[in-house]
Amino acid sequence: MAGQVKAERYRKCSVSVVLTMLEYVFDYKGVSLEPTRNRLHDLQQRVQRMQGSAISRTLESVPGLSGVIQLRTGEAYAVDSPSLAMALVAGPSQAGEWIAIVGAPDLGLEAAAGFGIDLERTVVVPRPGELWLSVTAGLLDVASVVIVKPPVPASAQQAERLKSRLRMKDAALVCWGEWPRSDATLTISESSWLGLGHGHGRLTARRVVVSVRQGGPVRQVQLWLPGLDQQIAGLDYPVVPLPVAQAG
């Protein structure tokens with residue numbers, strides 16, 4: 001009985017999301033021939049995914065992260081910062097995938113756009129409350145990658161159920177926080193900003209050391225997150241020397 005109730009919640013959430021997307025296409029943006037064709041194609045793909053595909057594929061990555069980690073559908077990832085979360089989903093978003101953000105009202109959409117996330121293909125549910133898990137599961141019907149910030153730690157049982165749904169729906173999960181048995185965990189172990197002088201200046205770039213744990217020894221990767229041109233890149237990327245402010 002409990003399983004039937006949860007399945008019904010997932011179904012209602014999926015239907016609600018699809019209806020919202022249809023309203024977005026035909027009401028909010030207005031109708032023009034070519035954009036409408038493209039969005040109808042997107043919706044057809046979403047409906048096909050709602051039927052369940054049980055496949056796995058590698059998602060696109062921004063150039064600066066391609067040698068660090070690449071997301072695969074059917075897998076879950078844990079990060080300790082919104083910057084890492086946005087950097088991971090920027091590649092799939094730029095490649096035309098739909099993205100969803102659940103339970104992160106303090107994740108700014110302007111910052112997301114700065115990382116290269118296409119806001120026209122992004123569904124945001126900032127305050128799902130205690131239904132965060134049902135909302136996340138429902139959005140996997142229409143989004144290829146979901147960023148979620150759980151209000152409480154997920155249990156191993158919840159994580160395993162969602163993992164099965166990730167495989168079925170050909171989607172990936174990026175958790176801002178801890179996630180049981182994640183396929184990879186990324187944390188920022190060192191961080192410093194460029195551009196801030198003694199009590200004045202403007203932050204222009206950020207240097208970080210990212211620790212990556214993925215089925216073996218922890219790897220340390222140095223990145224611009226972002227660089228002076230607001231792009232993500234390895235530290236061999238050239239920059240103009242500026243005063244450095246250490247982040248706490």
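Gln158 is partly exposed, with a relative accessible area of 23%; here buried stands for under 20% relative accessible area, exposed for over 50%, and partly exposed for what lies in between (1.4 Å probe, protein chains only). The structure is a predicted model, in which local features need pLDDT of at least 70 and side-chain atom pairs count only at pLDDT 80 or more, while totals for chains, interfaces and linings use all residues. Residues are numbered from 1 along each chain as its sequence is written, and side-chain values use heavy atoms, with hydrogens and water left out.

Gln158 belongs to helix α6, which covers residues 156-169. Helices (H or I, at least four residues) and strands (E, at least two) are taken as DSSP runs and numbered from the N terminus. Leaving out residues up to four places away in sequence, Gln158 touches Trp132, Leu133 and Pro153, where a contact requires heavy atoms within 4.5 Å. From Gln158 to Trp179 the C-alpha to C-alpha distance is 9.9 Å, with their positions 21 residues apart in sequence.

For the chain as a whole, there are 6 helices and 10 strands. Of its 248 residues, 46% are buried. Among contacts between residues at least 6 apart in sequence, 64% join residues at least 24 apart. The accessible surface comes to about 12700 Å², and carbon and sulfur atoms account for 54% of that area. These areas come from the Shrake-Rupley method with a 1.4 Å probe; for residues, only the protein chains shown count as cover.

Two of the contacts of Gln158, Trp132 and Leu133, lead to helix α5. Helix α5 (residues 132-139) is mostly covered, with 8 of its 8 residues buried. Trp132 itself has a relative accessibility of 4% and therefore counts as buried. What aromatic pairing does a search of the whole structure find? The search returns 1 aromatic pair. It is formed by Trp132 and Trp179, whose ring centres are 6.5 Å apart and whose planes meet at 80 degrees, so the arrangement is edge-to-face. For this purpose, rings of Phe, Tyr and Trp (its six-membered ring) pair if their centres lie within 6.5 Å, and planes under 30 degrees apart count as stacked, over 60 as edge-to-face and the rest as tilted. Because Trp132 lies in helix α5 and Trp179 in the loop between β5 (172-176) and β6 (184-196), the pair ties together parts that are 47 residues apart in sequence. Trp179 is also buried, at 7% relative accessibility.

Charged side chains make further links, and a search of the whole structure finds 9 salt bridges, each defined by a side-chain nitrogen of Lys or Arg within 4 Å of a carboxyl oxygen of Asp or Glu. One of them joins Arg57 to Glu97, with the closest N and O atoms 2.9 Å apart. Arg57 sits in the loop between α2 (33-50) and β1 (76-79) and Glu97 in the loop between α3 and β2, so this pair connects parts that are 40 residues apart in sequence. Arg57 is partly exposed at 25% relative accessible area, whereas Glu97 is buried at 15%.

Lys149 and Asp106 meet in another salt bridge, at 3.6 Å from N to O. This pair links distant parts of the chain, 43 residues apart: Lys149 is in the loop between β4 (145-148) and α6, and Asp106 in the loop between β2 and α4 (109-114). Lys149 is partly exposed at 28%, while Asp106 is exposed at 55%. The charged end of Lys149 also sits over the ring of Trp176, 4.1 Å from its centre; the criterion is NZ of Lys or CZ of Arg within 6 Å of the ring centre and within 35 degrees of the ring normal.

The side chains of Asp118 and Arg121 form a salt bridge as well, at 3.8 Å from N to O. Salt bridges that share partners join Arg57, Glu97 and Asp170 into one network. Asp118 is partly exposed, with a relative accessible area of 28%, and its backbone oxygen lies 2.8 Å from a polar atom of the Thr122 side chain. Thr122 is placed in strand β3 (residues 122-125) and is buried at 13%. Beyond its neighbours within four places in sequence, Thr122 is in contact with Trp98, Ile99, Ile101 and Ile117.

How values were computed: Polar contact = N/O pair within 3.5 Å; in protein donor to acceptor, adjacent residues only side chain to side chain.
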